Amino acid sequence: MGDQPDVQYLLSSRQPELVSPSQWLADQRAYWGIETGLHQRLDVSADEDRSRVRHRNAAWVLAMFRRISVSLFMHWRGQDSKRAKSTLADFHEEMGLEHQRRAFALANSKEPRALEPS
């Protein structure tokens, strides 16, 4: 049994001559990278699957805010090697602690100076 190559059959709408095995593998890895990266964070960390918002516009707005949050988290995590195992919840907690005063000032400010470092 160990002498026989492993054979896999794949279904695709693409013509076989247009997709090399290495391209197929790259496409599959890219797909699952998205699924296990962004979608897992949205489903598990942002609890998106449990959202009961049904109004189309409200669901779209909340989805955009969740994606922005994940993007900011990925940037924040990449800024410091100590954060390599940080979670989205860790990010939210730190942002809440560090930026609570600035967020309040920004939300209540009549001038854009609230964005300037203090």
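This note goes through the predicted model point by point, from the overall layout to particular side chains.

1. Overall layout. The chain in this predicted model contains 3 helices and 0 strands, and read from the N terminus its elements run α-α-α. Of its 118 residues, 15% count as buried. The accessible surface comes to about 10,300 Å², and carbon and sulfur atoms account for 56% of that area. Among the contacts with a separation of 6 or more, 23% are between residues that lie 24 or more positions apart.

2. The nonpolar core. Which residues make up the largest nonpolar core? The core consists of 6 residues, namely Leu42, Val70, Phe73, Trp76, Leu88 and Phe91. The elements that contribute two or more residues to this core are H2 and H3, and H2 gives the most, with 3 residues. As a general background to such a grouping, nonpolar side chains in soluble globular proteins tend to be buried together.

3. One core residue and its neighbours. Leu88 is a member of that core, and, when residues up to four places away in sequence are not counted, Leu88 touches Arg41, Ser45, Ala46, Ser69, Val70 and Phe73. Two residues in this list, Val70 and Phe73, also belong to the core.

4. An aromatic pair within one helix. The structure holds 3 aromatic pairs, and one of them joins Phe73 and Trp76 in a tilted arrangement, with 6.2 Å from centre to centre and 35° between the planes. A student may find it useful to recall that a pair of aromatic rings is described by the distance of the centres and the angle of the planes. Phe73 and Trp76 are 3 residues apart in helix H2, which covers residues 56-78, so about one helical turn separates them. Phe73 is buried because its relative accessible area is 2%, under the cut-off of 20%, and Trp76, at 9% relative accessibility, counts as buried too.

5. An aromatic pair between helices. Trp76 also pairs with Phe91: the ring centres are 5.3 Å apart and the planes stand at 55°, so this pair is tilted. Because Trp76 lies in helix H2 and Phe91 in helix H3 (residues 88-108), the pair ties together parts that are 15 residues apart in sequence. Phe91 counts as buried, with a relative accessibility of 6%. Ring pairs thus link Phe73, Trp76 and Phe91 into a cluster, and these three residues are also listed in the largest nonpolar core.

6. A nonpolar patch on the surface. Where do Trp60, Val61, Met64, Phe65, Ile68 and Leu72 form a nonpolar patch? This patch is on the surface, and its residues together have about 610 Å² of accessible area. Trp60, one of its members, is found in helix H2 and is exposed, with a relative accessible area of 55%. Helix H2 therefore holds Trp60 as well as the buried Phe73, so that the one helix carries both an exposed and a buried aromatic residue.

7. A salt bridge before and within the first helix. The structure holds 4 salt bridges, and in one of them the side chains of Arg14 and Asp27 meet at 2.7 Å, N to O. Arg14 lies in the segment before helix H1 (21-45) and Asp27 in helix H1 itself, so the pair ties together parts that are 13 residues apart in sequence. Arg14, at 43% relative accessibility, is partly exposed, and Asp27 is also partly exposed, with a relative accessible area of 24%.

8. A salt bridge with buried partners. Are Arg66 and Glu48 buried or exposed? Both are buried, and their side chains meet in a salt bridge at 3.5 Å, N to O. The pair links distant parts of the chain, with Arg66 in helix H2 and Glu48 in the loop between H1 and H2, 18 residues apart.

9. A salt bridge to the third helix. Arg83 forms a salt bridge with Glu94, in which the closest N and O atoms are 3.9 Å apart. Arg83 lies in the loop between H2 and H3 while Glu94 lies in helix H3, so the pair ties together parts that are 11 residues apart in sequence. Arg83 counts as buried at 19% relative accessibility, whereas Glu94, at 24%, counts as partly exposed; the two fall into separate classes because the cut-off for buried is under 20%. Elsewhere, salt bridges that share partners join Glu48, Arg66 and Arg67 into one network.

Note on methods:
Residues are numbered from 1 along each chain as its sequence is written. This is a predicted model: local features need pLDDT of at least 70, side-chain atom pairs count only at pLDDT 80 or more; totals for chains, interfaces and linings use all residues. Side-chain values use heavy atoms; hydrogens and water are left out. Rings of Phe, Tyr and Trp (its six-membered ring) pair if their centres lie within 6.5 Å; planes under 30 degrees apart count as stacked, over 60 as edge-to-face and the rest as tilted. Helices (H or I, at least four residues) and strands (E, at least two) are DSSP runs, numbered from the N terminus. Buried means under 20% relative accessible area, exposed over 50%, partly exposed in between (1.4 Å probe, protein chains only). Patches are made of residues with over 30% relative accessible area and no salt bridge: like charges are joined within 9 Å, nonpolar side chains (Val, Leu, Ile, Met, Phe, Trp, Tyr) within 5 Å. Accessible areas come from the Shrake-Rupley method with a 1.4 Å probe; for residues, only the protein chains shown count as cover. A nonpolar core is a set of buried Ala, Val, Leu, Ile, Met, Phe, Trp, Tyr and Cys residues joined through side-chain atoms within 4.5 Å. Contact means heavy atoms within 4.5 Å.
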